[in-house]
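Student: Could you take me through one part of this model slowly, looking at how one helix sits against its surroundings? I would like to follow each step of the reasoning.

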Amino acid sequence: MITSTRRLRSDEPLEEPVDKYDRFIMDMADETANYREARDALWRDGPRAVDALLRGLKHRRAKVRQITVAVIDHLGGNFESRCYPAILPLLADEIPKVRKT
């Protein structure tokens, strides 16, 4: 497991993984990693992964932002309202695929 002495806030962009959920988000950006496995792991763990998902919405890679929105949409539930403020800016994302998701 990845550990760190500093805990990222959910509003900080994700650059280095802090825990296994951040690693899943980073794996989605890695063209060599199986991003479907990472996405499925996030689906399984759901609400426990919300902070990492919020950071994933700010990732520099459009693919990660797009998949992160799809994961949040798939999870639904009460925690989804916590994600709305972070999702709204993606409606104006420079990448059309991210906006459409």
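Tutor: In this predicted model, the axes of helix α1, and of helix α4, which covers residues 62-75, come within 8 Å and cross at roughly 125°. Two packed helices are described by exactly these two things, the angle between their axes and the distance between the axes. An angle counts as roughly perpendicular from 65 to 115 degrees and as roughly antiparallel over 145, and therefore α1 and α4 are called oblique to each other. Their crossing is right-handed.

The contact itself is made by Ile25, Met28 and Ala29 on the side of α1, and by Lys63, Val64, Ile67 and Thr68 on the side of α4. Sorted by kind, the residues of this contact are five nonpolar, one polar and one charged.

Turning to α1 as a whole, we find a helix that is mostly covered, with seven of its ten residues buried. These buried residues are Tyr21, Asp22, Phe24, Ile25, Met26, Met28 and Ala29, and they pack against α2 (35-45) and α3 (50-56) as well as α4. Notice that Ile25, Met28 and Ala29, which touch α4, also appear among the buried residues of α1.

Two of the buried residues deserve a closer look, namely the aromatic ones at positions 21 and 24. A search of the whole structure finds one aromatic pair, and it is formed by Tyr21 and Phe24, whose rings lie 6.3 Å apart from centre to centre, with 65° between their planes, an arrangement that is edge-to-face. The name follows from the angle, because planes over 60 degrees apart count as edge-to-face. Both Tyr21 and Phe24 lie in α1, which spans residues 20-29, and they are three residues apart, about one turn of the helix. An α-helix has 3.6 residues a turn, so residues three or four places apart point the same way.

How do we decide that these two residues are buried? The word applies under 20% relative accessible area, so Tyr21, with 9%, is buried, and Phe24, at 19% relative accessibility, counts as buried too.

Finally, it helps to set this part within the whole chain, which has six helices and zero strands and, read along the sequence, follows the pattern α-α-α-α-α-α. Of its 101 residues, 46% count as buried. Among the contacts with a separation of 6 or more, 55% are between residues 24 or more positions apart.

Conventions: Residues numbered from 1 in each chain as written. Predicted model: local features only at pLDDT ≥ 70, side-chain atom pairs only at ≥ 80, totals over all residues. Heavy atoms only, no water. Phe/Tyr/Trp six-rings, centres within 6.5 Å; stacked < 30°, edge-to-face > 60°. Helix = DSSP H or I, 4+ residues; strand = E, 2+ residues; numbered from the N terminus. Buried < 20%, exposed > 50% of the residue type's maximum accessible area, 1.4 Å probe, protein only. Axes fitted to C-alpha atoms, helices over the stretch in contact; angles between N-to-C directions. Parallel < 35°, antiparallel > 145°, perpendicular 65-115°, else oblique. Left-handed = near helix turned anticlockwise from the far one by under 90°. Contact = heavy atoms within 4.5 Å. Nonpolar A, V, L, I, M, F, W, Y, C, P; charged D, E, K, R; others polar.
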